[in-house]
Protein chains: 2
Amino acid sequence: MADGLNFSRRLRRTPFTASAEKAGVTGFSVVNHMLLPKSYGRSVEEDYWHLREHVQVWDVACQRQVQIQGPDAAWLVQWMTPRDISHAKVGECFYVPITDDTGGMVNDPVLLKLAEDRFWLSTADSDLLLFAKGLALGRGLEVTIDEPDVSPLAIQGPKAETLLADLFGAHIRDIGFFKFGWIDFSGTRQLIARSGYSLQGGFEIYLDGGHLGGDLWNAVWQAGQTFEIAPGCPNLIERIEAGLLSYGNEMTRENTPLEFGIAKFCSLDGSVDCLGREALLRAAETGISRQIRGVLFDGGPCPTCAEPWPVRVDARLVGQITSAVWSPRLKRNVGLSLIDRSFWDAGQAVTVHSVDGTTRDGEVSDLPFT
Amino acid sequence: MADGLNFSRRLRRTPFTASAEKAGVTGFSVVNHMLLPKSYGRSVEEDYWHLREHVQVWDVACQRQVQIQGPDAAWLVQWMTPRDISHAKVGECFYVPITDDTGGMVNDPVLLKLAEDRFWLSTADSDLLLFAKGLALGRGLEVTIDEPDVSPLAIQGPKAETLLADLFGAHIRDIGFFKFGWIDFSGTRQLIARSGYSLQGGFEIYLDGGHLGGDLWNAVWQAGQTFEIAPGCPNLIERIEAGLLSYGNEMTRENTPLEFGIAKFCSLDGSVDCLGREALLRAAETGISRQIRGVLFDGGPCPTCAEPWPVRVDARLVGQITSAVWSPRLKRNVGLSLIDRSFWDAGQAVTVHSVDGTTRDGEVSDLPFT
């Protein structure tokens, strides 16, 4: 499947799109009504090996920020997530599942605490801004909620730290994982976090000021010449192997955070008053009936998983693959699936029923794939 | 620009996608996290002439329904829109601008009143479901809000009525514009409205039950053989000529309904208690500073408008084109732009600064283009 994308203003360009085009972008996805470059003419496998060895620059401006500020900002953010953020410090990032009253997931952003009364939610693909606005207006909260002109540029891969230390100063080496600091760029102060949608290490620069997009890309690009930098994007092989989940793919409003092993981020003991708490408590007490797992399966490189593929044990449906790709390292396909409780132990034999009509033998695996 | 779209489950397939693929779809857009077929290998111009003469079937399942039901449903719907819906009758459709507290547009759906306590909002491209959920949860309203398994299929063009009367019965001829009735299909009762995103006449079937998608497409397709039916999609030439607006293209949260001449749908006299009322009242009293207009411009067929193009009078910026295309009928380019008050009269000379670097002479036009 490689059909065309028809462009319009509604599918917003990013501050880095022109740079991505100069770098030879050939395919996009759409996230938060914005273009996400997804390929530059090389194979996903070539990008995968490159990402594991060198450094890449990714236009992930589609990770839009929902800025919540004001006297009730901390209260509202806490109301939206079962994760206890009362001890959060300025300069820290938190992965926060956002749930509605049923415990269903509405988004799974990274929260950045900028001040006691100012937060960014760096969002996956749903209009979290509208949900937060609705909650605030319905409840009459004293907050301002908007989408600032802030666009993340990710620099990922084992050489990212050295590249960025060369470019912006050695102090960035002191930024801990899921912490953020600041750099000077072109007379402006910019937020930089040690984070990103890969396990190969790296940073995300939350560029404040879209007009600087081309300059920032070029600066990183120039500094990256000695590190074999390439343009890239979240890599399907790497993210599935790493067990990194994608909202809209693995999780929707049909799912609770408990199903993704992120119960460890949920405080359901009563210390947190959040929207989905009662529903999640009930679910936790009953015991979850399915949970995310890896599935290794055979039959040669699988096609693109654009709709869920049944996972069976004999005739019984026990799950559905929501993302899958051939792993050149493991020499098998790797997929992500919620798996029913009775069948979720690693090693469980399953069959995967791919869109190409093939039935493929496979087995349940722990995550990340090793 | 004809770059590829990278598929994933997150970009949801519709109940009609497989049929669209069999019919030769070659390009998509993404609306409400769902695929919208945008071309079938013919030019936009060929599709335009065909739509004006014959009949087309469009997969517009991406117009997702936000279903709001319960004792507080009518109150919530009224709270979200400045349009007075207190006199709405079951069986009627209403174009309802949805605004936040600033009067900024959040969506511009078609409202279908199914019962006194049950509504569908057939949505443009933003997560109106999350906004409505937030409002209801924040305010503690007694409503249920969900996205039912309902997927509109549009049948558009001058031959649509005869085709559908042949297929489903002559009673559909009695359905008035922006009214809905019911048809029997494959043992189910399905909603059909006289509506659609063109001015060529036609209907939308709100298919309840995605598993029937292929069957419904096939039934329409077979019945359409004597009417020269073709697969199609909202046609850029036709919709711009008609002055049909697109949320995310012409309008965003930066805009109020007043700027689009839809003040006629707003009841700001105090009879309606809605979210943006005070802001809209202030804006109406001050007098709006810009309003939507057509722009006719020269220089041969323009490129795709994927980001706003400046519209100037001498050196002064007076607007920005947000959608544009070559009109084979008018032999000029037609565009849509908000235009500043001092320059919005029809006939005003302007220049359009297209992405291809050209400066094109043009003039302001009333809408629709005639």
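Here is a walk through this structure, from the parts of one chain to the way two chains meet and then to a few strands. Keep in mind that the model is predicted.

Let's start with chain A on its own. Chain A splits into three pieces: domain 1 covers 17-59 + 149-240, domain 2 covers 65-146, and domain 3 covers 289-370. Notice that domain 1 is written as two stretches, with the numbers of domain 2 falling between them. If you look for domain 2 of chain A and domain 3 of chain A, you'll find their C-alpha centres 34 Å apart.

Now bring in chain B. How does chain B sit relative to chain A? Two copies of a chain are related by a rotation about an axis and a shift along it. Here, a turn of 180° with a shift of 0.0 Å along the axis lays chain B on chain A, and the RMSD is 0.0 Å. That's what a two-fold axis does.

Next, take a look at where the two chains touch. Chain B puts 48 residues into the contact, and chain A puts in 47 residues. On the chain B side, β1 (4-5), β2 (27-31), β3 (34-39), α4 (128-139) and β19 (316-327) each give at least two residues. The largest share comes from α4(B), with 10 residues. As for what kinds of residues you'll meet on this side of chain B, there are 19 nonpolar, 17 polar and 12 charged. The copies meet through the same surface, because 98% of the interface residues of chain B are also interface residues in chain A.

Strand pairing also crosses from one chain to the other. Strand β2 of chain A, residues 27-31, runs parallel to β1(B), and two bridges join them. To find the spot, look for A:G27, which stands opposite B:G4 in β1(B).

Finally, let's follow β19(B), one of the elements at the contact, back into its own chain. Which strand does β19(B) join through five bridges? That's strand β18 of chain B, residues 309-313, and the two run antiparallel. Within this pair, B:R312 has B:L317 as its bridge partner. β18(B) and β19(B) make a hairpin with two residues between them, and B:D314 in the turn has a positive phi of about 55°.

β18(B) has another partner too: it pairs in the antiparallel sense with β21 of chain B, residues 349-353, over two bridges. There, B:V311 is matched with B:V352 in β21(B). So if you trace from β19(B) to β18(B) and on to β21(B), you've gone from the contact with chain A along a run of paired strands in chain B.

Methods: Residues are numbered from 1 along each chain as its sequence is written. Chains are lettered from A and ligands numbered from 1 in the order in which they are written. This is a predicted model: local features need pLDDT of at least 70, side-chain atom pairs count only at pLDDT 80 or more; totals for chains, interfaces and linings use all residues. Domain bounds come from an automatic or database domain assignment. Copies are superposed by least squares on the C-alpha atoms of residues with pLDDT of at least 70 in both. Two residues are in contact if their C-beta atoms, placed from the backbone, lie within 7 Å. Helices (H or I, at least four residues) and strands (E, at least two) are DSSP runs, numbered from the N terminus. Ala, Val, Leu, Ile, Met, Phe, Trp, Tyr, Cys and Pro count as nonpolar, Asp, Glu, Lys and Arg as charged, and the others, Gly among them, as polar. Two strands pair if DSSP finds at least two bridges between them.
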